[in-house]
Amino acid sequence: MSDKPFFVGYLPAPGGLRGCLVLAGALLMLGMAAAGFALGVAQDDPGEGAFRFDYGRQTVTGVVELTPYPLIHVTEGNDRIKAGETFMMSAGGKSGVDGRAAPLAGQVAQVSGVMLERGDLYMLQLRGGRNGIRAAEGSGAVPEPQDLGRWRLAGEICDGKCLSGAMRPGRGLAHKACANLCLLGDVPPVFVSTQPVEGSEFLLITGPDGTALPEAAYDYVAQYVTVEGQVRRHGSLLVFAMDPDTLALAP
Amino acid sequence: MSVKYIPVQWNPNKWYYDGIMLVGVAAFLWVFLYITPDALGHERPINPQIHNARAFGACAFTMLTVILCIGPLARLDHRFLPLLYNRRHFGVMTAFVAATHAGYILDWYFAFSSRSPVQGLLEANTSYGQIAGFPFEILGVFALICLTLLAATSHDFWLKFLTPPVWKRLHYLIYAAYAAVVGHVVLGILQDDRGIGVNLLFIGGAALVCVLHLAAWWQGRAEPMGIAATGWVQVAPVDAFREGFAKITKLPDGDRVAVFLHEGQLSAIANACAHQNGPLGEGKIVDCLVTCPWHGFQYDVRNGQSPAPFTEKVPTYLVKVEGGAVFVNPAANPPGTAVAPVPLEKGAT
């Protein structure tokens with residue numbers, strides 16, 4: 001041991017140790033860069049969902065339905081959103097539009113905002129106040145829901161906005177708290193089914209009998225679950241009224 | 001060593017240390033933030049805020065892993081001891097990087113809500129009774145509080161104010177922080193990231209820390225004590241001593257004592273440095289003074305006192321040579337007590 005160089009911090013490094021220190025410093029710097037690369041390239045693809053600012057502002061007219069989450073059944077569309085389509089809405093941030101839409105339930109309204117799109121799923125983030133949604137001239141009625149029966153589905157409960165592309169990635173357990181916060185703010189929840197239901201893997205999910213997502217479901221958000229409930233087609237959108245007693249983690 | 005408190009006692013080695021550390025951190029962040037997006041080749045990129053949060057979070061984890069590897073590495077191979085010298089700056093930097101990660105998370109995942117970000121953080125997910133979906137963010141909060149506390153008390157003022165034993169115990173919180181960070185990662189991002197690479201890197205880093213600590217513990221475990229009928233503790237045969245260095249032994253009360261050979265005479269002092277409990281017995285006598293291998297604090301081996309104007313003191317012990325072996329009396333003298341050195345006659349009986 002007596003032959004080994006001895007380092008004292010406030011003295012110049014002994015000659016026999018300098019090579020080691022230079023090597024250790026170089027390895028630390030290169031190692032940090034390599035770790036940054038290895039961890040950075042290990043991230044999963046967040047998918048195709050995104051805000052579609054490139055589409056420009058979308059303004060359409062339709063009939064408001066409360067499920068209780070508000071939907072628009074489009075009566076006068078545009079190049080992007082066609083008449084006959086049905087879509088969900090949210091406000092800016094982690095908020096829904098329940099308060100603004102409720103007084104217009106069953107009436108014709110004009111809605112305006114920016115689209116979020118993920119495959120077949122899309123949603124409109126409305127502009128603020130009456131610029132986002134207001135009563136409009138015209139006629140129309142909420143289409144009669146088509147009952148598709150009781151289903152047992154496996155998949156994930158997400159908040160519809162982040163899933164559609166507001167967050168990239170916008171689903172999964174690492175995103176659970178954000179999803180819960182969105183749902184607490186009345187953003188419409190969406191069930192992502194592992195198997196398509198009547199051709200759609202995305203369903204608006206509600207509580208039974210026209211209630212909002214039950215509190216019991218929040219513990220299961222972002223997990224792989226199985227749940228039973230009634231599936232109904234509201235316009236072009238599937239609505240899944242879950243039975244909270246059947247909610248369970250999938251094996 | 002200092003007789004007054006200043007923010008940082010800079011010297012060339014500290015400049016080099018901090019420079020290398022900053023370049024390493026900058027390299028990690030630059031590569032993660034600006035190189036990997038192109039390498040990922042996603043059709044639509046990860047949100048910049050999330051990408052930033054991940055970069056700083058991964059960097060903090062890596063830094064913490066490196067910091068926790070330095071200690072056992074230095075015990076396993078003394079050539080790593082210089083990495084200990086300015087490790088506190090590494091820790092403070094880690095706290096800043098971790099705080100930046102937390103800032104991005106709060107300003108993105110928990111922003112844009114009617115609740116304040118902190119309220120959202122605490123209220124959004126309360127599924128504490130389950131593993132999948134556990135609010136892993138709270139583990140990150142705990143780790144950040146620990147790192148902040150450690151960074152805030154890293155200065156020698158706090159060491160003196162709290163006393164070294166209390167300070168040392170407080171700074172063992174680094175292990176609780178690391179455990180919390182591992183839980184934060186395992187219950188968070190690793191639940192979603194399907195890539196085996198990220199799992200291997202995170203879990204491999206944590207495993208490396210565990211293995212190195214176990215190896216250092218295994219190597220550093222004390223030899224069985226030889227206790228004479230008189231109660232004196234055998235340290236080593238006289239032939240084992242080398243000029244300027246010490247042999248260390250463990251006393252019945254768990255303390256360690258370092259017996260140095262200096263100018264042909266034996267003197268014993270406590271093995272724990274008064275500064276940060278560094279292992280004095282693994283140091284060397286430089287300019288007639290025992291020099292701690294961690295931060296260079298020095299003591300006169302004959303009385304356990306730092307040279308004036310410094311005031312640090314460590315306990316001393318009585319030494320004797322008997323039957324070809326060196327013994328110490330396990331009863332420590334008060335710190336700074338002068339003890340006459342004992343001549344070492346190799347081959348003495």
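What follows is a friendly exchange about a predicted model with chains A and B.

Reader: How do you know how far to trust chain B in this predicted model?

Author: The predictor's confidence runs from 0 to 100, and chain B averages a pLDDT of 91, with 95% of the residues scoring at least 70. Within chain B, the lowest mean is 68, in strand β1 (residues 226-227), while α6(B) is highest at 98. For the model, the scores are ipTM 0.93 and pTM 0.89.

Reader: What makes up the secondary structure of chain B?

Author: Chain B comes to eleven helices and twelve strands. Its C-alpha atoms fill a box of roughly 80 × 40 × 35 Å along the principal axes. Of its 349 residues, 42% count as buried. Among the contacts in chain B with a separation of 6 or more, 59% join residues 24 or more positions apart.

Reader: How do you know where the domains of chain B begin and end?

Author: The bounds come from an automatic or database domain assignment, which gives domain 1 (12-220) and domain 2 (226-343). Their C-alpha centres lie 38 Å apart.

Reader: What makes the two domains of chain B count as touching, and how many residues take part?

Author: Two residues are in contact if their C-beta atoms lie within 7 Å. By that test, six residues of domain 1 of chain B meet seven residues of domain 2 of chain B. On the domain 1 side, α3 (81-85) and α8 (164-171) of chain B each give two or more residues, and α3(B) gives the most, with three. By class, that side has five nonpolar, no polar and one charged residues.

Reader: And in chain A, which domains are there, and how far apart are their centres?

Author: Chain A is divided into domain 1 (50-135) and domain 2 (146-249), with C-alpha centres 19 Å apart. Their contact takes 25 residues from domain 1 of chain A and 26 residues from domain 2 of chain A. Several strands of chain A supply at least two residues each to the domain 1 side, including β3 (70-76) and β5 (108-118). The most come from β4(A), with four residues. This side divides into eleven nonpolar, seven polar and seven charged residues.

Reader: How many residues does each chain bring to the contact between chains A and B?

Author: Chain A brings 51 residues and chain B brings 63 residues. On the chain A side, α1 (15-40) and α5 (176-184) each supply at least two residues, and α1(A) gives the most, with 15. By class, the chain A side has 31 nonpolar, twelve polar and eight charged residues.

Reader: How do you know that the span of helix α4 of chain B is close to what is expected?

Author: The expected span is 1.5 Å times one less than the number of residues. Helix α4 (residues 87-106) of chain B has 20 residues, so 28 Å is expected, and the helix reaches 29 Å from its first C-alpha to its last. The two values are close.

Reader: Why are some residues of α4(B) called buried, and which are they?

Author: A residue is buried if 20 or more other C-beta atoms lie within 10 Å of its own. In α4(B) the residues that pass are B:R87, B:R88, B:F90, B:M93, B:T94, B:A95, B:V97, B:A98, B:H101, B:A102 and B:I105. Their cover includes α1 (12-40), α2 (48-76), α3 and α6 (137-152) of chain B.

Reader: What about helix α9 of chain B: which span does it reach, and which residues are buried?

Author: Helix α9 (residues 173-187) of chain B has 15 residues and reaches 21 Å, close to the 21 Å expected. By the burial cut-off, the residues that count include B:Y178, B:V182, B:H184 and B:L187. Among the elements covering the buried residues of α9(B) are α2, α6 and α11 (196-220) of chain B.

Reader: What makes a group of residues a nonpolar core, and which residues touch the most other members of the largest one?

Author: Members must be buried residues of the nonpolar kinds that qualify, joined through C-beta atoms within 7 Å. The largest core has 166 residues, of which A:L203, A:F240, B:F28, B:C59, B:V259 and B:V328 touch the most other members. Helix α2(B) gives the most to this core, with 14 residues.

Reader: Which residues does B:C59 contact beyond its neighbours within four places in sequence?

Author: B:C59 is in contact with B:V25, B:F28, B:L29 and B:V97. B:F28 appears with B:C59 among the core residues that touch the most other members, and B:V97 is one of the buried residues of α4(B).

Methods:
Residues are numbered from 1 along each chain as its sequence is written. Chains are lettered from A and ligands numbered from 1 in the order in which they are written. This is a predicted model: local features need pLDDT of at least 70, side-chain atom pairs count only at pLDDT 80 or more; totals for chains, interfaces and linings use all residues. Ala, Val, Leu, Ile, Met, Phe, Trp, Tyr, Cys and Pro count as nonpolar, Asp, Glu, Lys and Arg as charged, and the others, Gly among them, as polar. A residue is buried if 20 or more other C-beta atoms lie within 10 Å of its own, exposed if 12 or fewer, and partly exposed in between; C-beta atoms are placed from the backbone.
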